[in-house]
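Student: I have a structure open and would like to go through it. Can we start with empty space inside and then move on to charged pairs?

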Amino acid sequence: IVSTLSSYKRIDLAIAACNERKQKLLIVGEGRDRARLERMAGPTVEFLGKLSNEAVADLYSKCKAFIFLGVEDFGIAPLEAMAAGAPVIAYGCGGLLETVTDKTGIFFDRQTADGLIEAVRKYEEGKIVFSPEEIRNRARLFSRERFQRELVESIRKTIVRVGKDPALFLKAVSSGWSVLGK
């Protein structure tokens, strides 16, 4: 798990599930809920605190799966894990329904420790097999570069549609906006 340690993130459910299964769980992040979560944690749960981006990327590349239990509008951490080829095991609600597919992760319907345990069992039993390359490809659909490219194209089309010449806009974009002055 990579997350702010807040109650709405429902990290407590992952701790309960991993305590019950005596399964290793690494938790990256800080937050006001850390002390409560640490009191819940059994011997297989490890809190790593705040880590560098490089250390987090290394963990993503080595993890069996990334667990996400909260409800978010978007959720960047699951996409970061997917960019490293890691499948996502997540509560099936919110923005993740737009980014995670059945080819990149497993959703569970009940936001409970038992719901998570059931999803982890499916994954571990090999009932669902994931391709790291397919997971990475899915994550690329949400890259910064794609967003910027499509935003610029949308603005260019709008400029043309209203009858203006997009040359200055395209020159500004290609020069890093420096041609527009300060």
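Tutor: What follows goes through cavities, the nonpolar core and salt bridges, in a model that is predicted.

Student: How many cavities does a search of the whole structure find?

Tutor: Two of 30 Å³ or more turn up. The largest cavity holds about 60 Å³ of space, and the second largest about 30 Å³.

Student: Which residues line the largest cavity?

Tutor: I1, V2, S3, K9, I11, I67, F68, L69 and G70 do. By class, that lining has six nonpolar, two polar and one charged residues.

Student: And what lines the second largest cavity?

Tutor: That lining is made up of A17, C18, R21, Q23, L116, I117 and V120. Helices α1 (11-21) and α6 (113-124) each supply at least two of its residues. Five residues of the lining are nonpolar, one is polar and one is charged.

Student: Moving on, how many residues are in the largest nonpolar core?

Tutor: There are 42 residues in that core, and I1, I15, L25, I27, L69 and L116 have the most contacts inside it. Helix α1 gives the largest share of this core, six residues.

Student: What does L69 touch?

Tutor: Leaving out residues up to four places away in sequence, L69 touches I1, K9, R10, I11, L13, A14, Y91, F108, Q111 and L116. L69 also belongs to the lining of the largest cavity.

Student: New topic. How many salt bridges are there?

Tutor: The count comes to twelve. One of them is between R21 and E124, with the closest N and O atoms 3.0 Å apart. This pair links distant parts of the chain, as R21 is in helix α1 and E124 in helix α6, 103 residues apart.

Student: Is R21 buried, exposed or partly exposed?

Tutor: R21 is partly exposed, at 27% relative accessible area. E124 is also partly exposed, at 41%.

Student: What about R10 and D12?

Tutor: Their side chains meet in a salt bridge, 3.1 Å from N to O. D12 is buried because its relative accessible area is 13%, under the 20% cut-off. R10 is partly exposed at 26%.

Student: Which residue forms a salt bridge with D58?

Tutor: K62 does, with the closest N and O atoms 2.9 Å apart. The two are four residues apart in helix α3 (residues 53-62), so about one helical turn separates them. D58 is partly exposed at 35%, whereas K62 is exposed at 61%. Elsewhere, E30, R34 and E38 are joined into one network by salt bridges that share partners.

Technical notes:
Residues numbered from 1 in each chain as written. Predicted model: local features only at pLDDT ≥ 70, side-chain atom pairs only at ≥ 80, totals over all residues. Heavy atoms only, no water. 1 Å grid on protein atoms, 1.4 Å probe; cavity = no way out; pocket = protein on both sides within 12 Å on 5 of 7 lines; lining within 4 Å. Points joined across faces, edges and corners; volume = space filled by probe spheres on them. Nonpolar A, V, L, I, M, F, W, Y, C, P; charged D, E, K, R; others polar. Core = buried A, V, L, I, M, F, W, Y, C linked by side-chain atoms within 4.5 Å. Buried < 20%, exposed > 50% of the residue type's maximum accessible area, 1.4 Å probe, protein only. Contact = heavy atoms within 4.5 Å. Salt bridge = Lys/Arg side-chain N within 4 Å of Asp/Glu carboxyl O.
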